[in-house]
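Subject: Structure handover

Dear colleague,

I am passing on to you the structure we spoke about, and my notes on what was found in it follow below. Please look through the sequence and the model before you read them.

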Amino acid sequence: YQRRVHGEKIPFYSPMGFIWCLLVLVAVVKCEQVVRVSLSRTSGGLEESVANPLGHHMPMENHHNTQYYGRLYLGPSHQVFRILFDTGSSWFWIKDSNCDGCKGKSFDCAGSPTCNYLEGFNQTIYYGHGEVSGVGIEESVSLDAAGKVVFRHKGLILQKMKDLEGFLGDGLVGLAFASRAAGLPTFLDSLRMSGVIQHRVYSLYLSDNPESDGIADAELIIGGYDKRYFAKGSTEFDFFPLVSSFAWSIRLDGVSVGDKSIPIAAKQVLIDSGTSYLSIAEDDFDGFTDIFDKILGEDTCDFEKYPYICDCNSKTPFPVLKFHIGGQTYEILPSAYVRRQKSLCILRLGKSVNPAEPRWILGDLFMRKYYTFFDAEQRRIGFAPAKDHSRRQDHIFAYIAIVSLAVALASAGFVAVVIYRSQRRDYEQGIEDAQKTLL
């Protein structure tokens, strides 16, 4: 603002105007934290944009680094369900209101005008620990609470659940690229047939936050990926072709425990978000544990029963685990696969028993370090080093920036008030002098 005294312009600053400018700046910094940028790659990667407006970002809750859940909405009332998205399965199931052995939220297909039972369809699904059984249904599914993104999908409504006490979700969605679900379309197929996505692709960013009890700091991106989840200095995925007709399995060239390579019989590895840890192929288990014992010392670890427990007081540090895939080496540090509990160290390792398809399994533990892209169109998987902090930490950094700006705002506001008062005195003195001159 400017005021005139005796025809001379005197600057007159409004402290509130200055404060409003700083508030706008704070808002810009805060909003920048949630901006998502579309990506397209043409060199050695995707021929078209896969992070397009049709890609859907789904926040996922992290439960102590063991289970991650997103949300789906069923029926015309968009009833919300907490869902485990499992890359190692092609099934979709939710719990019936009369399910035997089920806990948590259930769904009433008979009470939904858009839900249909599939005549004569029933199925039992066996997991490594536990099983479920149910009948077939088809229902309207939405990716958002407002029901803007709706499609039809077929799956099971459970009538029985057994030995899955640790399962915290209301249901499960299989994200396998091909169906073993008795001819039912996969989740990706239903999305594309409904026009929700253009490409049968998705990516998983799994946050590393062992203290989290439901913080939504992980993300599933259906139909694309997000460059914000690349580690600093990383710009693209390394892609590897699938070796299975149904599963997200790729060729495993070798495994090293520390600097010692172990001979492996199982030549493939499954990338499975339904597995919390790392699973060693049964045929390779003895060779793995033998080298592990040689490095740490005999009797340091007990591999006779699960969970596998070691003495934390070993003078030799735990080794880095290395997976050799397609000319690349992917490392898992001890801090990722060893959980210390007083003087005991619990290994986040298991045994994979699958005589039909001997394979290793890299689960959530692996995907927390490597941002993973699943491409059903070109039958491949891509890995890129993931950023080394969770979204919650991003928010912490944002809040630190906001607090810093708030301090700067307060300081600037104080200075502005001082300037305002000083110029106000000059202005009033100018008026008084002008009045004296007129008199």
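A disulfide is counted here wherever a pair of cysteine sulfur atoms lies within 2.5 Å. With that cut-off, a search of the whole structure, which is a predicted model, finds four disulfides. When the bonded cysteines are counted along the chain, their pairing follows the pattern 1-2, 3-4, 5-6, 7-8.

Three of these links are described here in turn. Cys99 is joined to Cys102, with an S to S distance of 1.8 Å, and the torsion about their S-S bond is about 40 degrees, so this disulfide is right-handed; both Cys99 and Cys102 are buried. In the disulfide of Cys109 and Cys115 the sulfur atoms are 2.0 Å apart, and this link is left-handed, with -100 degrees about the S-S bond. Cys109 counts as buried because its relative accessibility is 1%, and Cys115 is buried as well, with a relative accessible area of 9%. Cys301 and Cys310 also form a disulfide, their sulfur atoms being 2.0 Å apart, and since the torsion about the S-S bond is about 105 degrees, the link is right-handed; Cys301 and Cys310 are both buried.

Turning to the surface, a patch of negative charge is formed there by Asp286, Asp290, Glu298, Asp299 and Glu304. One of its members, Asp299, sits in the loop between α3 (285-296) and β19 (301-302), and Asp299 is exposed because its relative accessible area is 75%, where exposed means over 50%.

Best regards

Conventions: Residues are numbered from 1 along each chain as its sequence is written. This is a predicted model: local features need pLDDT of at least 70, side-chain atom pairs count only at pLDDT 80 or more; totals for chains, interfaces and linings use all residues. Side-chain values use heavy atoms; hydrogens and water are left out. Patches are made of residues with over 30% relative accessible area and no salt bridge: like charges are joined within 9 Å, nonpolar side chains (Val, Leu, Ile, Met, Phe, Trp, Tyr) within 5 Å. Accessible areas come from the Shrake-Rupley method with a 1.4 Å probe; for residues, only the protein chains shown count as cover. A salt bridge is a side-chain nitrogen of Lys or Arg within 4 Å of a carboxyl oxygen of Asp or Glu. Lys and Arg count as positive and Asp and Glu as negative; His and the chain ends are not counted. The place of a charge is taken as NZ of Lys, CZ of Arg, CG of Asp or CD of Glu. Helices (H or I, at least four residues) and strands (E, at least two) are DSSP runs, numbered from the N terminus. Buried means under 20% relative accessible area, exposed over 50%, partly exposed in between (1.4 Å probe, protein chains only).
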